[in-house]
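Colleague: Could you walk me through this model and how its helices pack?

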Amino acid sequence: MNFDNLFQAQLDKLKEEGNYRVFAELQRKCGNFPRVQNHGEGQDEVTVWCSNDYLGMGQNPDVIQAMVETVQTCGTGAGGTRNISGNAYHHKLLEAELADLHGKEAALLFTSGYVSNWAALSTLGSRLPNAVILSDALNHASMIEGIRHARCEKRVWKHNDVADLDRQLQALPANATKIIAFESVYSMDGDIAPIREIVEVAEKHGAMTYIDEVHAVGMARAVAVWPDAGLMDMSP
């Protein structure tokens, strides 16, 4: 078999279907958030609103200085997984700081938000007896992937529709371990979940709630602490 021809045919098909991805080549500049240099075609400088560095903290002088000092002291890279080379001391300090920030007993770092949803939901669904995960229809792909790998029963409820969620919970068997998975702010649409109402329905049916807070926690805290900072007005 000619594998080169096989792969080329697959690539050609992706291009014909409009599914071949060509990524923008961008370079961030400290002090110019959210503007970036574009090394590809088109404008030399563009504004990026889809970065997950929502508040520009990646360019904060204190953050940069802390990273530089840590790299100079410890070198670069994690050195291996926790199972192989143990916990990195600075990771444990960060986990303690995050737990304190959110008023929790403990925190756990993951390599990305995607991995955290994948690991947490797959573990909950696979370890809890008779688990049923009720997923909001617009949940992020990472949550969908985690639910899929949980290999437990899954129900999809209408986006932000608490009444539909209530009906589906009511229809589940009494011995089901109910897990409601949703987001606080949905990244693609900007919709905000009715969190209080969802929690009330969960308590009514004895269900656990799992919330993906990644798209809101920084903004919510920043606005609460600096309400007049004009965080949403990031125009250059």
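What follows is a short chat about confidence, one helix and two helix pairs.

Colleague: What is the mean pLDDT of the protein chain?

Modeller: Keep in mind that this is a predicted model. In the protein chain, 92% of residues reach a pLDDT of 70 or more. The mean pLDDT is 89.

Colleague: Over which residues does pLDDT stay under 50?

Modeller: The model does have eleven contacts beyond four places in sequence for that stretch. Still, pLDDT stays under 50 there, over residues 223–236.

Colleague: How far apart are the end C-alpha atoms of helix H4, and what should its residues span?

Modeller: H4 covers residues 89–102, and just after it Gly-103 has a positive phi of about 70°. At 1.5 Å a residue, its 14 residues should span 20 Å. The end C-alpha atoms agree with that, being 20 Å apart.

Colleague: Are H5 and H6 roughly parallel or roughly antiparallel?

Modeller: Helix H5 (residues 113–127) packs on helix H6 (residues 141–150) at an angle of about 30°, with the axes 7 Å apart. Angles under 35 degrees count as roughly parallel. Therefore H5 and H6 are roughly parallel.

Colleague: Is the crossing of H7 and H8 left-handed or right-handed?

Modeller: The axes of H7 (residues 162–170) and H8 (residues 195–205) come within 10 Å and cross at roughly 15°. That makes the two helices roughly parallel. As for the hand, the crossing is right-handed.

Colleague: How many charged residues are in the contact of H7 with H8?

Modeller: Residues including Asp-166 in H7 meet residues of H8, among them Glu-197 and Lys-204. By class, the contact has five nonpolar and two polar residues, and the charged ones number three.

Methods. Residues are numbered from 1 along each chain as its sequence is written. This is a predicted model: local features need pLDDT of at least 70, side-chain atom pairs count only at pLDDT 80 or more; totals for chains, interfaces and linings use all residues. Side-chain values use heavy atoms; hydrogens and water are left out. pLDDT is the predictor's confidence in each residue, from 0 to 100. Contact means heavy atoms within 4.5 Å. Axes are lines fitted to C-alpha atoms, for helices over the stretch in contact, and angles run from 0 to 180 degrees between N-to-C directions. Helices (H or I, at least four residues) and strands (E, at least two) are DSSP runs, numbered from the N terminus. Angles under 35 degrees count as roughly parallel, over 145 as roughly antiparallel, 65 to 115 as roughly perpendicular and the rest as oblique. A crossing is left-handed if the near helix is turned anticlockwise from the far one by less than a right angle, and right-handed if clockwise. Ala, Val, Leu, Ile, Met, Phe, Trp, Tyr, Cys and Pro count as nonpolar, Asp, Glu, Lys and Arg as charged, and the others, Gly among them, as polar. The expected span of a helix is 1.5 Å times one less than its number of residues.
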